[in-house]
There are 2 protein chains.
Amino acid sequence: MGREIERKFLVIGDDWRQRAAGTTIRQGYLCSLKERSVRVRVAGDRGTLTIKGMVVGAARAEYEYEIPVGDAEELLIGLCERPLIEKTRYRVGNAGDTWEVDVFAGDNAGLTVAEIELEDESQAVVPPDWIGEEVTGDPRYLNANLFKHPFSRW
Amino acid sequence: MGREIERKFLVIGDDWRQRAAGTTIRQGYLCSLKERSVRVRVAGDRGTLTIKGMVVGAARAEYEYEIPVGDAEELLIGLCERPLIEKTRYRVGNAGDTWEVDVFAGDNAGLTVAEIELEDESQAVVPPDWIGEEVTGDPRYLNANLFKHPFSRW
């Protein structure tokens, strides 16, 4: 079983930026329904195929499999829905937590979102100063929706 | 890259049955569009996730990944479209070729289909006596359609 518990926030300012370079991510969807999504991702030199179920609160079923990066590239080019999502992911440590900050490009340029994965939904989160409004329950911020309704057109 | 080239035929009579037992297959779809399908399959003790592209002639893109059989069972139960497809697959040798004969159950009971995988589309096929009408180009026989429009309701 996979289960992903994740809270999502908007990001304020640039204080989170570390010296470490981010990882460029390109991803697309073979399926992007409310009930489930099938995502193809190329992150650096790594390809993954990820199946996610419906979001319930901050949790959803998640199954992730590494696939050859060449396959992932072909799937992105040949079979995924358009447009693809492009973003740079930065991992930022704070108070023992690891935040993933995604800086979107393309039609979603201007959007920066921070996510934190939790062990369970009741786990306390210590938000750093650069964390803004929580958007965990807002479906517009699901990547599976951002390619269809990009930030630039909100 | 994966590419599947396959011809499909109806089956006449029972002469193809061998002593070897067949493999029970349960499969479902996370996505079943004309342009692409994402299939979850449990065949015996093996789980697979298979992405297929649009059928062009007898060929289509195909990417198949083995996944833990427990994951495959969970995906079938929790996330795949309903109903699932159940069938028994028999591998039958003939004239150096291997035919896969699928005997469907459930809503598709009464349907038996034989498939042969080819190296290229021009490869000659020697059909045994028990091979009937070719249905390669008929979308009704795609498994991704058989669960939505089962044989019993044709």
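This report covers the interface between chains A and B, the cysteines, and one buried threonine of a predicted model.

**The interface**

Chain B brings 20 residues into contact with 20 residues of chain A. The area buried between the two chains is about 1700 Å². Carbon and sulfur atoms give 66% of that area. In chain B, the residues that lose the most area to chain A are B:Arg36, B:Tyr65 and B:Leu79. Together they account for 32% of what the chain B side buries.

Polar links also cross between the chains. The rule finds 2 salt bridges across the interface. One of them joins A:Glu81 to B:Arg36, with the closest N and O atoms 3.7 Å apart. B:Arg36 thus appears both in this salt bridge and among the residues of chain B that lose the most area to chain A. In addition, 6 residue pairs are in polar contact across the interface, both residues being at pLDDT 80 or more.

Which elements of chain B supply at least two residues each to the side that touches chain A? They are β2 (23-32), β3 (36-43), β4 (46-53), β5 (59-67) and α1 (69-78). β4(B) gives the most, with 4 residues. By residue class, the side of chain B that touches chain A divides into 13 nonpolar, 1 polar and 6 charged.

**Cysteines**

A search of the whole structure finds 0 disulfides over all chains. Why is A:Cys80 not bonded to the closest cysteine sulfur? That sulfur belongs to B:Cys31 and lies 10.0 Å away, which is too far for a bond; the cut-off for a disulfide is 2.5 Å. B:Cys80 is likewise in no disulfide, and its nearest cysteine sulfur is that of A:Cys31. The table sets out the two residues.

| Cysteine | Closest cysteine sulfur | Distance | Relative accessibility |
|---|---|---|---|
| A:Cys80 | B:Cys31 | 10.0 Å | 7% (buried) |
| B:Cys80 | A:Cys31 | 10.0 Å | 7% (buried) |

**B:Thr50 in strand β4**

B:Thr50 sits in strand β4 of chain B. This is the element that gives the most residues to the side of chain B that touches chain A. Is B:Thr50 buried or exposed? B:Thr50 counts as buried because its relative accessibility is 0%, and the limit for buried is under 20%.

Its side chain makes a polar contact with the side chain of B:Glu64, at 2.6 Å. Leaving aside neighbours within four places in sequence, B:Thr50 is in contact with B:Ser37, B:Val38 and B:Arg39, and also with B:Glu62, B:Tyr63 and B:Glu64.

How values were computed: Residues numbered from 1 in each chain as written. Chains lettered and ligands numbered in written order. Predicted model: local features only at pLDDT ≥ 70, side-chain atom pairs only at ≥ 80, totals over all residues. Heavy atoms only, no water. Contact = heavy atoms within 4.5 Å. Buried area = accessible area lost by both parts, 1.4 Å probe. Salt bridge = Lys/Arg side-chain N within 4 Å of Asp/Glu carboxyl O. Polar contact = N/O pair within 3.5 Å; in protein donor to acceptor, adjacent residues only side chain to side chain. Nonpolar A, V, L, I, M, F, W, Y, C, P; charged D, E, K, R; others polar. Buried < 20%, exposed > 50% of the residue type's maximum accessible area, 1.4 Å probe, protein only.
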